[in-house]
Amino acid sequence: MNLYDYNTIKRVLAKHGFTFSKALGQNFLIDADVCPQMADSLNADENTGVIEVGPGIGVLTKELCRVAGKVVAIELDKRLFPVLDETLSACDNLEIISGDVMKIDLKKLIEEKFSDCTSVKVCANLPYYITSPVIMTLLESELPIDQIVVMVQKEAGERLCAEVGTRDAGAVTIAVHYYAESEILFGVGRESFMPSPKVDSVVIRLSLRKEKKFEVKDRKKFFTVVKCAFSQRRKTALNSISNTMGADKNKIGSVFSDLGIEANTRAEKLTMEDFIHIAERI
């Protein structure tokens, strides 16, 4: 079955009475060039396990089964199960499970499904509305995975992979940089999807750090400071932190002064080290 053929996909979906859900952000990837590239970028082999989030109609899933030893696809929409049974019937190294990736015990899943794998990776065409929550869940859970390759909205990808201390940086940039090395692999036009979204996308790769690059004494406080600093982007980092943390502005100002940070500095201009030192002193 040619899953890259528009008419074939329409026929299969119609056969099972499937209609797209805007609430679930369903835009299925059907590009014959993109899916193989995404799968190949994992550098997987027969000893690699891959978790796919939201297989859709199985176009990317089929490519993942080609390169990896085992694939577990997590699908929230139960209406797609009969579709996937038909489109992926030839994939004998695949297991599809029903559930919400934000609620599933991923550590337990990895222990049960990939015990014989030497490497576990995540690959997905993520719905735009859950991009950051899913990525942060994967990073913060400290799972035994070494790589995440995902398709995201172009603007979100640029923020996730921005250099810390630049205009494009945000709180999520700091978080990603703390846990992983990030890079944009390639762009994807809106015409690569069914139905076509209103924006273009990019494929990004996050390579999780095997060893900590940054020493953070109190991780919870560190990320609180980061979120507060970016919560009011039009204000200075000093004012934003003071306002959202309910901290005394003069005391925060003293911290900035002691660290040699100008009082009018905005959050996007602060470095990882700046954030670490601010958090330690507040």
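# Exercises on a predicted model

At 11% relative accessibility, Ser-41 counts as buried. This residue belongs to a predicted model, and the exercises below begin from its surroundings.

## Exercise 1. The setting of Ser-41 and Arg-205

Determine where Ser-41 and Arg-205 are placed, and describe the polar contact between them.

*Solution.*

Step 1. Locate Ser-41. The loop that joins helix 2 (34-40) to strand 2 (48-53) holds this residue.

Step 2. List the contacts of Ser-41. Apart from neighbours within four places in sequence, Ser-41 is in contact with Gln-147, Val-149, Leu-185 and Arg-205.

Step 3. Locate Arg-205. This residue is part of strand 9 (residues 201-208). Its relative accessibility is 15%, and since buried means under 20%, Arg-205 is classed as buried.

Step 4. Examine the pair. A polar atom of the Arg-205 side chain lies 2.8 Å from the backbone oxygen of Ser-41.

Step 5. Widen the view. With neighbours within four places in sequence left aside, the contacts of Arg-205 include Asn-43, Ile-148, Glu-181 and Glu-183.

## Exercise 2. The order of the sheet

State in which order the seven strands of the open sheet follow one another, and identify the strands that stand at its edges.

*Solution.*

Step 1. Read the order. The seven strands are arranged as 4-3-2-5-6-9-7, with mixed pairing, in an open sheet.

Step 2. Find the edges. Strand 4 (94-98) and strand 7 (180-188) each have a single partner strand, so one side of each has no neighbour in the sheet.

Step 3. Add the twist. From one strand to the next, the twist averages 20°.

Step 4. Inspect one edge. Strand 4 runs parallel to strand 3 (residues 70-75), and five bridges join the two. One bridge pairs Ala-73 with Ile-96 of strand 4.

Step 5. Place a helix against the sheet. Helix 8 (residues 171-179) packs on the sheet and touches strand 7 and strand 9. The direction of helix 8 makes about 115° with that of strand 7.

## Exercise 3. Salt bridges

State how many salt bridges the structure holds, and trace those made by Glu-63 and by Glu-95.

*Solution.*

Step 1. Give the total. The structure contains eleven salt bridges.

Step 2. Take Glu-63. Its side chain meets that of Arg-66 in a salt bridge, at 2.7 Å from N to O. Both residues lie in helix 3 (residues 59-67), three residues apart, which is about one turn of the helix.

Step 3. Compare accessibility. Glu-63 is buried, at a relative accessible area of 12%, whereas Arg-66 is partly exposed at 47%.

Step 4. Take Glu-95 and Lys-70. These residues form a salt bridge whose closest N and O atoms are 4.0 Å apart. The pair links distant parts of the chain, with Lys-70 in strand 3 and Glu-95 in strand 4, 25 residues apart. Both partners are partly exposed: Lys-70 has a relative accessibility of 25%, and Glu-95 has a relative accessible area of 26%.

Step 5. Take Glu-95 and Lys-113. Their side chains meet in a salt bridge of 2.8 Å, N to O. Glu-95 lies in strand 4 and Lys-113 in helix 5 (residues 106-113), so this pair ties together parts that are 18 residues apart in sequence.

Step 6. Note a network. Asp-40, Glu-63 and Arg-66 are joined into one network by salt bridges that share partners.

## Exercise 4. Cysteines without a disulfide

Explain why Cys-161 has no bond to Cys-123, and state how many disulfides a search of the whole structure finds.

*Solution.*

Step 1. Recall the bond. A disulfide is a covalent bond between the sulfur atoms of two cysteines.

Step 2. Report the search. Across the whole structure, zero disulfides are found. For Cys-35, the nearest cysteine sulfur is that of Cys-123, 8.8 Å away.

Step 3. Consider Cys-161. The closest cysteine sulfur, in Cys-123, is 14 Å from that of Cys-161, and therefore too far for a bond.

Step 4. Check accessibility. Cys-35 is buried with a relative accessible area of 0%, and Cys-161 is buried at 14%.

## Exercise 5. The surroundings of Glu-142

Determine where Glu-142 is placed and which residues it touches.

*Solution.*

Step 1. Locate Glu-142. The loop between helix 6 (131-140) and strand 6 (147-153) holds this residue.

Step 2. Classify Glu-142. Its relative accessible area is 46%, and it is therefore partly exposed.

Step 3. Name the contacts. Residues up to four places away in sequence not being counted, Glu-142 touches Lys-107 and Arg-219.

Step 4. Relate Glu-142 to Tyr-179. The two are 37 residues apart along the chain, and their C-alpha atoms are separated by 8.9 Å.

Methods: Residues are numbered from 1 along each chain as its sequence is written. This is a predicted model: local features need pLDDT of at least 70, side-chain atom pairs count only at pLDDT 80 or more; totals for chains, interfaces and linings use all residues. Side-chain values use heavy atoms; hydrogens and water are left out. A disulfide is a pair of cysteine sulfur atoms within 2.5 Å. Buried means under 20% relative accessible area, exposed over 50%, partly exposed in between (1.4 Å probe, protein chains only). Helices (H or I, at least four residues) and strands (E, at least two) are DSSP runs, numbered from the N terminus. A polar contact is a pair of N or O atoms within 3.5 Å; within protein, one must be able to donate a hydrogen and the other to accept it, and residues adjacent in sequence count only if both atoms are side-chain atoms. Contact means heavy atoms within 4.5 Å. Two strands pair if DSSP finds at least two bridges between them. Axes are lines fitted to C-alpha atoms, for helices over the stretch in contact, and angles run from 0 to 180 degrees between N-to-C directions.
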